[in-house]
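This report describes selected features of one molecular structure. Please examine the sequence and the model before reading on.

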Amino acid sequence: MGSRRGVAVAVAALGVAAAIPATAAAEERTCRGSIGAVTVDNLRVPQDASCTLNGTGVQGTVKVERNATLNATAIQVIGNVQGENARSVNVSGSRVGGSVQVKQGGGARVDSTRVAGDIQYDANRSFLSAARNIVGGSIQVFQNRGGVNLTRNTVDGNLQCKENQPPPSGGGPGPRASDP
């Protein structure tokens, strides 16, 4: 009788384990050099590295680490593009499903890109630019020290600038929703 109970408990445990869905861990691809027209889960540009993306798809997030550089053209990112302490983050002719966030780093440029969320430049020390973008959220530019140019953007949310030296420059009508 004891062995039947042990078998029943083991079978019940297997049944419960089979009923719990397996969680798939998204893989992270490290970029040093360049990546072309392939699709990856998440992408990381490690400290001190340089990465060029051309036509790359990213199912998750792009992270640019300390003193690293990202140059991205015609990419499609479902999540965010995030640079913290990065040397440079440049995105052009692309689509970003989340936000572009560049904080406490060097320079950045977002050009002719559709950003579903926000463009955020916070406490950077080199020149920043956001030009000819369609932004579903806001453009937020706070406490930057290298100069900021904001030209011809269409913004569904707010344009917020605070404590930048020198003050941001730019203006002009942005692209229509059918452009980039």
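The account below treats strand pairing, the nonpolar core, a buried loop residue and backbone geometry.

**Strand pairing**

The structure is a predicted model. One open sheet contains seven strands, which pair in parallel in the order β3-β6-β9-β12-β15-β18-β21. The edges of this sheet are formed by β3 (39-40) and β21 (154-155); each has a single partner strand, so one side of each is left without a neighbour in the sheet. Within the order given, β15 and β18 follow one another, and two bridges connect them.

Parallel pairing is also found between β16 and β19, with four bridges, and β19 is in turn joined to β22 by four bridges, again in parallel. The table lists these pairs with one residue pairing for each.

| Strand pair | Residue ranges | Bridges | Facing residues |
|---|---|---|---|
| β15 and β18 | residues 114-115 and 134-135 | two | Val-115 and Val-135 |
| β16 and β19 | residues 119-122 and 139-142 | four | Gln-120 and Gln-140 |
| β19 and β22 | residues 139-142 and 159-162 | four | Val-141 and Cys-161 |

**Nonpolar core**

The largest nonpolar core comprises 35 residues. Leu-43, Leu-53, Leu-70, Val-81, Val-89 and Tyr-121 have the most contacts inside this core. For Val-89, the contacts beyond four places in sequence are Val-64, Leu-70, Val-81, Gly-83, Val-102, Gly-107, Ala-108 and Arg-109.

**A buried loop residue**

Is Thr-61 buried or exposed? This residue belongs to the loop between β6 (57-58) and β7 (62-64). Its relative accessibility is 19%, and the limit for a buried residue is under 20%; Thr-61 therefore counts as buried. Apart from neighbours within four places in sequence, Thr-61 is in contact with Asp-41, Asn-42, Leu-43, Gly-79, Asn-80 and Gln-82. Leu-43, one of these partners, is also among the residues with the most contacts inside the largest nonpolar core.

**Backbone geometry**

Most residues other than glycine have a negative phi, and most peptide bonds are trans. Asn-85 has a positive phi of about 65° and is located in the loop between β10 (81-84) and β11 (88-92). Arg-152 likewise has a positive phi, of about 55°. The loop that holds Arg-152 runs between β20 (148-151) and β21, and the residue is partly exposed, at 37% relative accessible area.

Gln-165 and Pro-166 are joined by a cis peptide bond with omega of about -5°. Pro-166 lies in the loop between β22 and β23 (169-171).

Methods. Residues are numbered from 1 along each chain as its sequence is written. This is a predicted model: local features need pLDDT of at least 70, side-chain atom pairs count only at pLDDT 80 or more; totals for chains, interfaces and linings use all residues. Side-chain values use heavy atoms; hydrogens and water are left out. Two strands pair if DSSP finds at least two bridges between them. Buried means under 20% relative accessible area, exposed over 50%, partly exposed in between (1.4 Å probe, protein chains only). Contact means heavy atoms within 4.5 Å. A nonpolar core is a set of buried Ala, Val, Leu, Ile, Met, Phe, Trp, Tyr and Cys residues joined through side-chain atoms within 4.5 Å.
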